[in-house]
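Student: Hi! Could you walk me through this one while I have it open?
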Amino acid sequence: MPPSEANTALEIVQVPVLSDNYVYLVHDRPSGATAVVDPSVAEPVLAEAGKRGWRITHILNTHHHADHVGGNLEIKRATGAKVIGPAYDRDRIPGLDLAVDEASGADFAGHHAQVFFVPGHTRGHIAYYFADSQALFCGDTLFSIGCGRLFEGTPQQMWSSLLKLRGLPDATRVYCAHEYTESNCRFAVSIDPDNPALARKAAEVRAARQEGRSTVPSTLGSEKSCNPFLRADQASLMQRFAKAGSDSTAVFGAIRAAKDSF
Ligand SMILES: [Zn+2]
């Protein structure tokens, strides 16, 4: 990392909670401010911050599901943190102080996060992108080698949401909210068996999980070559799912439906 980046980049710590959730502590060293992304629960998050001597000043929520906001109120009570979340879901985010959207973005300790409106998994889902740290917090929209289920949105919405994220630089680190990568790889290999980048990725992921290591973050460059949900407009997948139609939205919908019943 070049010295200029070392001075300004956010320090990011992953806190595994529940069965497969990841909460993130995002720390600005110069000011000591720390944001928590999608706290499922409070106690392990407060403990990790306490152990490091980090002061939690903000909570950033991507969407309203309980395993992303469950710790909001307790962390807010314990630290006075300011809760930032999606404007479109303002009524479903506990303790919300500041509603943000694509126009406002979100500011934290002198860092500006670009906010992407990425409906599909939920109707109000957002993602936070810190360009200065090449970090994307995408909640349950994009997973490593997968994407979120469509609980409140259509395939069309999710595909256009994923295309927004796909537009970010390859070096972007993808901090998604779940460790689902190994099972996602099993599905991906089943529908994209001739993709050598995916085969390599699946082997790496298997080895990492056997050693109990996290597979997150991945990079967006790797996702672009391996994740079938970012590749619905690639020839091999369009051919395989041609029965669904000849446009990428239909192919994306067919891939999502195939995963739902995999
Ligand atoms: Zn969710």
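Student: How many bridges join strand S9 to strand S10, and in which sense do they run?
Tutor: Three bridges link S9 (residues 126-130) to S10 (residues 135-139), and the two strands run antiparallel. This is a predicted model: local features need pLDDT of at least 70 and side-chain atom pairs count only at pLDDT 80 or more, while totals for chains, interfaces and linings use all residues. Residues are numbered from 1 along each chain as its sequence is written, and side-chain values use heavy atoms, with hydrogens and water left out.
Student: What counts as a strand or a pair here?
Tutor: Strands (E, at least two residues) and helices (H or I, at least four) are DSSP runs numbered from the N terminus; two strands pair if DSSP finds at least two bridges between them.
Student: Cool. Which residue in S10 does Tyr-129 stand opposite?
Tutor: Leu-136. Helix H5 (residues 155-166) packs on that sheet, touching strand S8 (111-117), S9 and S10; contact means heavy atoms within 4.5 Å.
Student: And the whole sheet, what's its strand order?
Tutor: S7-S8-S9-S10-S13-S14, an open sheet of six strands with mixed pairing. Strand S7 (106-108) and strand S14 (218-219) are the edges, each pairing on one side only.
Student: Switching to the metal: which residues are the protein donors of the zinc ion?
Tutor: His-63 (NE2), His-65 (ND1), His-121 (NE2) and Asp-140 (OD), lying 2.2 to 2.3 Å from the zinc ion. Donors are N, O and S atoms within 2.8 Å of the metal (3.2 Å for Na, K and Ca); water is not among the atoms, so sites may look incomplete.
Student: Why is the arrangement irregular?
Tutor: Because the angles at the zinc ion between its four donor atoms span 90 to 165°. Tetrahedral needs all angles between 85 and 135 degrees; square planar (four donors) and octahedral (six) need opposite donors over 155 degrees apart and all others between 65 and 115; anything else is irregular.
Student: Where do His-63 and Asp-140 sit in the chain?
Tutor: His-63 is in the loop between strand S4 (55-60) and helix H3 (66-69), and Asp-140 is in the loop between S10 and strand S11 (142-143), 77 residues apart. Both are buried, meaning under 20% relative accessible area (exposed is over 50%, partly exposed in between; 1.4 Å probe, protein chains only).
Student: Last one: how many disulfides are there?
Tutor: Zero across the whole structure, a disulfide being two cysteine sulfur atoms within 2.5 Å. The sulfur of Cys-226 is 7.8 Å from the closest one, in Cys-185, so that is too far for a bond. Cys-226 is also buried, at 3% relative accessible area.

Key. Axes are lines fitted to C-alpha atoms, for helices over the stretch in contact, and angles run from 0 to 180 degrees between N-to-C directions.
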